[in-house]
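Subject: Structure for you to look at

Hello,

Here is the structure I promised to pass on. Please open it and keep it beside this email while you read.

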Amino acid sequence: MTELDTSKAELSALLRPDETITPDSADYQPNIQTWASQKQLNPRLVIRPTSVESLSKAVAYLYSTGLDIAIYGRGFMSPSAKDVLINTTALNDFHFDKHSELVTIGAGQTWAEVFRKLGEVAPDYGVVGARTPCVGVGGTIISGGFSWLSAEHGCISDSANMLDARVVKYDGSVVWASSEPDLLWALRGGGGGFGVIAQVVLRVFRYPQNIWAGPILIPREQLQAAAEGIAQFTSKPVDPKITMLLYVVKKRLLESIGTDSDMLLVHAFDAHGEDHGRASFQWALDIPGAVDQTKITNLAGVADLQDKVHTVKGSMKQFWSPLMLREVTKETIINAIKWSEDIQRLDQSLGDCTFLIFELLSSRNPAGSITNCAWPRSTGTKHVLVIGTGCPSTAGKDKEYLARDLAIHAASKILGEEAEKHYLPNGIEDFHDPKKIWGPHFSRLQGLRRLYDPRNKFKGAINA
C-alpha cells in the first residue's frame, strides 16, 4: 500500500465524505484549476474542509506525511500539488458587526461573494476588496491586494484594513494571529506559507453607492491623445475616490459597436457620482471616436464589470511581471501598448495570451505604519502596471519558453534597461528575486517561514 493509499484511509476517518474529492469526481476539475496551466500538477486527491475543525485535523495529519501538499485559494498564483491539494473554498462564512464596523469572513470565498454579502446586510458600507472579483480573499491578503479603494484606503493587507486572521498552523493548532504578532505581520503581504488562513477580520466603512464607473472606449488611432490625457491627468493631485484602468480590447470582441479597429479601454471610477465623474474624465470623453459605456452602480456592480476574467482560467500557460510605478508618462503608455502589439505581430497566439493593464491611481503609501506590513512597498508609488505573457495551454515548450522570456524582459522593454523596477508579490515567478520584492523585511520573513513551516511544505513565495 502506498503512502497516498494510507493517507486516503486516514483522511476518510478525519473528514466527512463530502470533504474529499477524487480525480474521477465531477467536482475535481473546478476545484484544482490553476490560472497558469503549466503549474497544474493534477493532484491525486483534493480535500475541501467545510469547517475550521476539519481543516485543523487534515492539516495536522498531512503535514506529518511525506506527501506533496499545497493550499489552494482561487487567485492568479494558487499552487498545485502532486499528491494532496487543500482546497479552502468551502470556508465561506460571513458576519458583519455594525457596532464595531468589522466583518469576519471565511478566507476561501471570492471577493464577488464578499461584495454581494456585504451589500445584502450593510448596503451603505464598503470594504477594501480586490478589483478582480473571482480571486480569493486569503490569497489576496498574503500578496498585498489592490482595490478600487486603494488610492484612498491602501492595500487590503494594510494594518488599517486587515485586522486579524484565524490560522491553522502546521501542527493543527488554531490561533488568532493577533495573539502572535509576528504571524499577523507576516500574513500582511508576506507571500504565504505561514499556515492556512481560515478567517479574516476586515474593517468596513460607510461608502458612496452611486459610483460612476465603466468603460470609455477610445479608437487605437487616438493612442497619442489618450496617452497625453492620462499623463496630464495623473500628474496632478487627484481626488482619492477617483481611479481608472487602461487596456486594449481587440476589435473582434467589439462587434456590438461596429468598430473595425482595436480600442483602448479607459475603465473609469468616480465615487462622487456621475456629474463629478464626467467632469473628471471629460478629457477622455472628448477624444474623437470615444464611446461612453459608463453607468451608475455600487461596489458590487463595479466588481461585476470584471466578472468575465475567470473564463480564461487554465486556458493558457501564463507568466506575470506586475510593476508598481511612481508616475506614468505618455512615453510609458505608448511604449507599453506598442510592446504588446509587437508580440501580436511576432505570434498571434502569444499576443492573444498577453495581458497589459495600467491600474492608474491605484495605490498610496501604506494605511498605517509601513512596519506593520510584511510587504514594504516603495513609498510614493501610485500606479500598477500588470504585465502578463503567455501562450495557449496546448502550445509546445518552445512557445512556453518564449512567453517566459518575454515576461522576464518586459519591464526593461517598456521602462528602459536602467529604470527602477518594483515588482509586486501578487505575481511572483521563479525568475523574480524575492529579496528585492520584500527588501528589508526579507530576512525576518525567512526566519518566520522556518518557524511556521519547518518542513517547507506550504510553498510560500519565500523559501523557509
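Below is what came out of the analysis, starting with the domains.

Please keep in mind that this is a predicted model.

**Domains**

The domain assignment splits the protein into three pieces. Domain 1 covers 3–87. Domain 2 is made of 94–207 plus 443–452. Domain 3 takes 211–435. So you can find domain 2 in two stretches of the chain, given the bounds in the assignment.

**Where domain 2 meets domain 3**

The centres of these two domains, taken over C-alpha atoms, are 25 Å apart. Domain 2 puts 30 residues into the contact, and domain 3 puts in 38.

How much area is buried between domain 2 and domain 3? The value is about 2,700 Å². Carbon and sulfur atoms give 66% of that area. On the domain 2 side, look for Arg131, Phe146 and Trp148. These three lose the most area to domain 3. Together they make up 29% of what that side buries.

Now the polar side of the story. There are 3 salt bridges between domain 2 and domain 3. Arg131 turns up again here: Arg131 forms a salt bridge with Glu359. Their closest N and O atoms are 3.8 Å apart. There are also 9 residue pairs in polar contact between the two domains, counting pairs with both residues at pLDDT 80 or more.

Which elements of domain 2 supply at least two residues each to the side that touches domain 3? They are β7 (125–127), α5 (150–153) and α6 (181–187). Of these, α5 gives the most, with 4 residues. Sorted by class, that side of domain 2 has 14 nonpolar, 12 polar and 4 charged residues.

**A four-stranded sheet**

Next, find the open sheet with 4 strands. The order is β1-β2-β4-β3, and the pairing is mixed. β1 (20–21) and β3 (69–72) are at the edges. Each has a single partner strand, so one side of each has no neighbour in the sheet. β3 and β4 (residues 84–87) run parallel and are joined by 4 bridges. In that pair, Ile71 stands opposite Ile86 of β4.

**A long-range salt bridge**

The whole structure holds 23 salt bridges. One of them joins Lys39 to Glu429, with the closest N and O atoms 3.2 Å apart. Lys39 is in the loop between β1 and β2 (45–47), and Glu429 is in the loop between β20 (422–423) and α14 (434–438), so this pair ties together parts that lie 390 residues apart in sequence.

Best wishes

How values were computed. Residues numbered from 1 in each chain as written. Predicted model: local features only at pLDDT ≥ 70, side-chain atom pairs only at ≥ 80, totals over all residues. Heavy atoms only, no water. Contact = heavy atoms within 4.5 Å. Buried area = accessible area lost by both parts, 1.4 Å probe. Salt bridge = Lys/Arg side-chain N within 4 Å of Asp/Glu carboxyl O. Polar contact = N/O pair within 3.5 Å; in protein donor to acceptor, adjacent residues only side chain to side chain. Nonpolar A, V, L, I, M, F, W, Y, C, P; charged D, E, K, R; others polar. Pairing = 2+ DSSP bridges.
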